[in-house]
Amino acid sequence: MLTQKTTASLQRQSGIGRVIIFRSCVDSTNDTAFEQAGLSQDPHGLVVIADSQTRGRGRLGRKWESPPAGNIYLTVVLVPGFDHQDIPLLSLAAPVAAARAIHQTTGLDPSIKWPNDIEISGRKAGGILIEARRDNRQRMIVAAGIGINVNSPVHSLSRETSSIATSIQQALGRPVDRIVLIAALLAEFEKNYKFLLNGNKGALIESWISINSTIGKEISVRSGTNVITGLAVGISTRGELEIRMSSGTIKRVSGGDVSVIKKNVVNRTGP
Ligand code: BTN
């Protein structure tokens, strides 16, 4: 159960998780994180955890359904100690941390769909929303919001969401202790954040590639009304997805929705 007391046990001595703020219900943990960061002398590492959200946000202006008593909704506040050009790479660091934490605590093998959907057996189990703002002291504050469907029944979500979603409990066949999972997540996030702090983008990108399900597939990426189709071949040092078009040109995209193109199955038994 997530309570003030159980979440207090997640507090770490330094870095990510140095300060833990628990609320049973918020609009969005990203909003609470920005508010709390603005009030703090040293907000780096502050983590806001909620049991439910009334206005949970997803990427691309979508809603993130956030029922109570089963899932993880948390935001890690970062005051990046590295070149701000690399902030988009946090959108690779966060899903790597989430996927690793899920693997360590459950034995499941989640994969990451570019940029940061956490999938289990091809269905969405979690997502990341990275937002960056300058506060009124002109500090750059990043809110790395992480939502994971842990124990809430998927059928309690809207029909649209439940048709593509899964949860850890559904994949595992038993519920999971959210505190144990969050503890692993914060520790893994710290490790991946340090890759960026130490200028080791390559190690982060390699970790992301080792868990991803997008590279090597024929995909299309939709960004607004723009659709790019081709073979996903890599990740740039800025975290963009590199796509080889049929003309051979490589295009880099920094945002959007990936769909894997399903080829028609051809009956090869005939002449
Ligand atoms: C997505 O896949 O579209 C991203 C979903 C991110 C959801 C999390 S839940 C915690 C944090 N607070 C929010 O309002 N959104 C993120």
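**Exercise 1.** Find the contact that the side chain of T29 makes with the ligand.

*Solution.* Start at T29: an N or O atom in its side chain is 3.0 Å from a nitrogen atom of the ligand. That's a polar contact, meaning a pair of N or O atoms within 3.5 Å. Next, go to S28, where a polar side-chain atom lies 2.8 Å from an oxygen atom of the ligand. Finally, look at R57: here a backbone N or O atom lies 2.7 Å from a ligand nitrogen.

A quick note on what you're looking at: this is a predicted model, where local features need pLDDT of at least 70 and side-chain atom pairs count only at pLDDT 80 or more, while totals for chains, interfaces and linings use all residues. Residues are numbered from 1 along each chain as its sequence is written, and side-chain values use heavy atoms, with hydrogens and water left out.

**Exercise 2.** Work out how the residues of the shell around the ligand divide into nonpolar, polar and charged.

*Solution.* Sort them by type: Ala, Val, Leu, Ile, Met, Phe, Trp, Tyr, Cys and Pro are nonpolar, Asp, Glu, Lys and Arg are charged, and the others, Gly among them, are polar. You get five nonpolar, 10 polar and four charged residues.

**Exercise 3.** Classify the ring pair of F82 and Y193.

*Solution.* First, check the distance: Phe, Tyr and Trp rings (six-membered ring for Trp) pair if their centres lie within 6.5 Å. The count here comes to one aromatic pair. Then check the angle: under 30 degrees is stacked, over 60 is edge-to-face, and the rest is tilted. The centres of F82 and Y193 are 5.7 Å apart and the planes sit at 50 degrees, so the pair is tilted.

Conventions. Polar contact = N/O pair within 3.5 Å; in protein donor to acceptor, adjacent residues only side chain to side chain.
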